[in-house]
Number of protein chains: 2
Amino acid sequence: MGESATLRTAPSAPRKRDAEATRLAILGAAKIHFARLGYECAALRDIATEAGADVSLIKRYFGGKEALFAAALNDSFSGNAARDWNRETFSRDIATMMADDTHVDEDRTLRFKFLLRAATSPTTAPLLNLAMQERFLAPIRDWLGGECAPVRARVLAAVYIGFLVERLIRDRPLIGEEREVFIASAAAALDAVLQPAP
Amino acid sequence: MGESATLRTAPSAPRKRDAEATRLAILGAAKIHFARLGYECAALRDIATEAGADVSLIKRYFGGKEALFAAALNDSFSGNAARDWNRETFSRDIATMMADDTHVDEDRTLRFKFLLRAATSPTTAPLLNLAMQERFLAPIRDWLGGECAPVRARVLAAVYIGFLVERLIRDRPLIGEEREVFIASAAAALDAVLQPAP
DNA sequence: TCGCTATGTCAACCGCGGTTGACATAGCTC
DNA sequence: GAGCTATGTCAACCGCGGTTGACATAGCGA
């Protein structure tokens, strides 16, 4: 992660007074810390330090820890949005993506760790749910369309998340026939959800 | 919640002095609290209170918070749930379980929440990602059997985990037709994975 | 130049919660 | 009953960390 390239100037030449830059530095540091440590273990003082700012600025610019988390969560989702998938190849595309190695996209992985940690903390689970609804579920729902789109979007999102978790904890790359079977099975699962309810 | 049926006698008739009973009460309360709240959010005072004991006894009987967690983890594993699912109704059973929140305190689910929460806490993560594979992936693989069982177990586990996470962050119960559609979709996804690869 | 305000700094506050040791007492042995 | 030990109770300690408000100052407009 090439984070804080803009912050490294801190010791010798203190950053010029720039609220927006500081805000962004804090936000960036927050995303990393929350992703690495989870909501409870991430300390505002550490985040502020890494951002080259003071703790109290977090209150001023965001309001508090929970609000900062919400902002970071929101920001994490922003890159993900409303990609238009080809309906015909959707399942296989996703399945292939999940089968192949993850280290290409470190940023995406970090973002997901963020989500997973958020999901397993009682404090942040509601926040995540909210963000999920707006940023993730809603697009899927619209994309799905049809009768029971909201619920089916839930199921689709669940399956998708499951694959992400699996890929996150996978110890070795899938190769050869193994990979083929994985893709086939995963695509089948996705396809099954895509079919309109009977 | 119907837990601590054995502890409810506390106010009127204090439990007879019995080290082993107290130890077990603490252990039981710990398993529940750690599963519900995760390592960092679970408070020793709460655990002790629910067990009808004093905080300091935790130190005496276990040594500290981390040691208590380890003990709880160990104990969670000791009662193995090598539950044999009916192959015919497997998908629908799982799907229904995921749709309803009433099963939340069921042993198996509680144990898994325990794992999931533990795996996402930096304090306890290292041991547990491994444990998850041993305790979760291996049984599924054996249960599936057949040619490409290992990979298909991965996919099945992934889908399962996805549903679990979804339920973990779900804000309101699914009711009526919503619930039906959820079960149908989820079961379809699971069924798709259960089919041998083409 | 003179303020005024936005930005940044500092130190204290305060509760939470894990840890600790001193003390009380039940239940057993003699 | 006397005394001993295992068990349970109580209160305090202490650091961590989120929060807060008072203060300093850069940068800008008048």
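**Contacts between two protein chains and two DNA strands**

In this predicted model, a polar backbone atom of B:Ala42 lies 3.3 Å from a phosphate oxygen of DNA strand C. Side chains reach the phosphates of this strand as well: an N or O atom in the side chain of B:Lys59 is 2.6 Å from a phosphate oxygen of DNA strand C, and a polar side-chain atom of A:Thr22 is 2.6 Å from a phosphate oxygen of the strand. Two or more residues of the surface near DNA strand C come from each of α1 (19–37) and α3 of chain A and α2 (44–50) and α3 of chain B. Of these, α3(A) gives the most, with four residues.

A wider look at DNA strand C places 21 residues around it, and those that come nearest are A:Arg17, A:Thr22, A:Arg60, B:Arg45 and B:Lys59. Among the atoms of DNA strand C within 4 Å of the protein, 43% belong to sugar and phosphate. Sorted by class, the surface near DNA strand C holds 10 charged, seven nonpolar and four polar residues.

Attention now turns to the other strand. DNA strand D also has 21 residues around it, with A:Arg45, A:Lys59, B:Arg17, B:Thr22 and B:Arg60 coming nearest. Here sugar and phosphate make up 41% of the strand atoms that come within 4 Å of the protein. Two polar approaches to bases can be picked out. A base oxygen of DNA strand D is 2.5 Å from a polar side-chain atom of B:Arg17, and a base nitrogen of DNA strand D is 3.1 Å from a polar side-chain atom of B:Ser56. Chain A takes part through A:Lys65, whose side chain has an N or O atom 2.8 Å from a phosphate oxygen of DNA strand D. The elements giving two or more residues to the surface near DNA strand D are α2 (44–50) and α3 (55–62) of chain A, along with α1 and α3 (55–62) of chain B. The most comes from α3(B), with four residues. By class, the surface near DNA strand D has 10 charged, seven nonpolar and four polar residues.

The two protein chains also meet each other. Chain A and chain B each bring 41 residues to the contact. About 3,500 Å² is buried between chain B and chain A, and carbon and sulfur atoms give 73% of that area. On the chain B side, B:Thr120, B:Arg154 and B:Ile169 supply 19% of the area buried against chain A, more than any other three residues. B:Arg154 has a further part to play: its side chain meets that of A:Glu166 in a salt bridge, with 2.8 Å from N to O. The count between the chains is two salt bridges, and two residue pairs are in polar contact, both at pLDDT 80 or more.

Five helices of chain B, namely α1 (19–41), α6 (107–119), α7 (125–144), α8 (149–169) and α9 (176–194), each supply at least two residues of the side that touches chain A. With 13 residues, α8(B) gives the most. This side of chain B has 25 nonpolar, 10 charged and six polar residues.

Finally, a word on confidence. Chain A has a mean pLDDT of 82, and 85% of its residues reach 70 or more. Residues 1–13 of chain A have a pLDDT below 50, and this stretch has 10 contacts in the model beyond near neighbours in sequence.

How values were computed: Residues numbered from 1 in each chain as written. Chains lettered and ligands numbered in written order. Heavy atoms only, no water. Contact = heavy atoms within 4.5 Å. Buried area = accessible area lost by both parts, 1.4 Å probe. Salt bridge = Lys/Arg side-chain N within 4 Å of Asp/Glu carboxyl O. Polar contact = N/O pair within 3.5 Å; in protein donor to acceptor, adjacent residues only side chain to side chain. Nonpolar A, V, L, I, M, F, W, Y, C, P; charged D, E, K, R; others polar. Near = heavy atom within 4 Å. pLDDT = per-residue confidence, 0-100.
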